[in-house]
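Open the model in your viewer and keep the selection tool ready. We will go stop by stop.

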Amino acid sequence: MSLHPTLQPYADAWTHSIEAISELVTPLVEGEWNRRTPCPGWSVRDIVSHVIGLECEMLGDPRPIHTLPRDLYHVTNEQQRYMEMQVDVRRHHTAPEMTSELEYTIIRRNRQLRNESREPGAKIRGLYGRETALEVAMRTRAFDVWVHEQDLRTALGVPGNIDSPGAHIARDMLLSALPKVVARDAGAPRSSAIVFDVHGPIEFLRTIRVDINGRGTLETSPALGPAATFALDWETFFRLACGRVTPESVSDRIKAEGDPGLTAAILRHFAVTP
């Protein structure tokens, strides 16, 4: 294995999650591929199509030439149109076609990772045709496949892996988005602190401190007299942050203390994935 040590955790997490996805969908009968998932507008087939499509882009395959239907209610901007292309082009594929393409894509990507010798900062062509660092691309793919593994597990009623390697990468990526959520989007007061106390298979206590200039930073130290405190379980945290549930639908699983207007604003802006 020639993969840089910094990249290995992302490769391991990606492998764990994408193999779990393969195990989940291989035995499905045709009708089960049409089950709705928590990902807005997407079925089980659509999730798997999305995963296949983005892994093919990581392999350098050309994007499909395809015209999207005009009646896709969940597609409202160019970013969503970009993502939908790989999905819609596979909407009429059969179960055997889906599983065989997924397996072939996994084989190709594993071979690519085995032969990867570039540095983490090496620039590659990423999503939307933008140049990005290899490390960023691999971290994003590990995050994405873990989130979609969870979408599939929810749709199929097969819970699991919420503390897997991918879950830890998801935790770090979602936490990194919190300063913007709290300071800019929710408009938390300057010189204040907001505490998140998360329990469950993955547990952590984090503070977002908003400085005198209104900038937020993520800290591991607790805060005395925070402006707001949120206590919730890990599953609720990541489903909220990934836009899979609304604050109202999981209000019984969130204990929020502090200014009601501020806590409501933070929860309203909590979803950070597109």
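The tour visits one helix, its partner and two cysteines.

This is a predicted model, where local features need pLDDT of at least 70, side-chain atom pairs count only at pLDDT 80 or more, and totals for chains, interfaces and linings use all residues. Residues are numbered from 1 along each chain as its sequence is written, and side-chain values use heavy atoms, leaving out hydrogens and water.

**Stop 1: helix H4.** Select residues 95-114. Helices here are DSSP runs (H or I, at least four residues), numbered from the N terminus. H4 has 20 residues and reaches 29 Å from its first C-alpha to its last. Now colour its buried residues (under 20% relative accessible area, 1.4 Å probe, protein chains only). They include Ala95, Leu102, Ile106 and Leu113. These buried residues pack against helices H1 (8-25), H2 (44-58) and H5 (134-156).

**Stop 2: H2 beside H4.** Add H2 to the selection. The two helices pack at about 30 degrees, with axes (lines fitted to C-alpha atoms over the stretch in contact) 10 Å apart. H2 and H4 are therefore roughly parallel (an angle under 35 degrees). Show the contact (heavy atoms within 4.5 Å). H2 brings residues including Val48, Ile52 and Cys56, and H4 brings residues including Met98, Leu102 and Thr105.

**Stop 3: the cysteines.** Select Cys56 again. How many disulfides (cysteine sulfur pairs within 2.5 Å) does the structure hold? Zero. The sulfur of Cys56 is 18 Å from the closest cysteine sulfur, in Cys39, too far for a bond. Move to Cys39. Its closest cysteine sulfur is in Cys242, 9.5 Å away, also too far for a bond. Cys39 is buried at 8% relative accessibility, and Cys56 is buried at 9%.

Methods:
Disulfide = S-S within 2.5 Å. Buried < 20%, exposed > 50% of the residue type's maximum accessible area, 1.4 Å probe, protein only. Expected span 1.5 Å × (residues − 1). Axes fitted to C-alpha atoms, helices over the stretch in contact; angles between N-to-C directions. Parallel < 35°, antiparallel > 145°, perpendicular 65-115°, else oblique.
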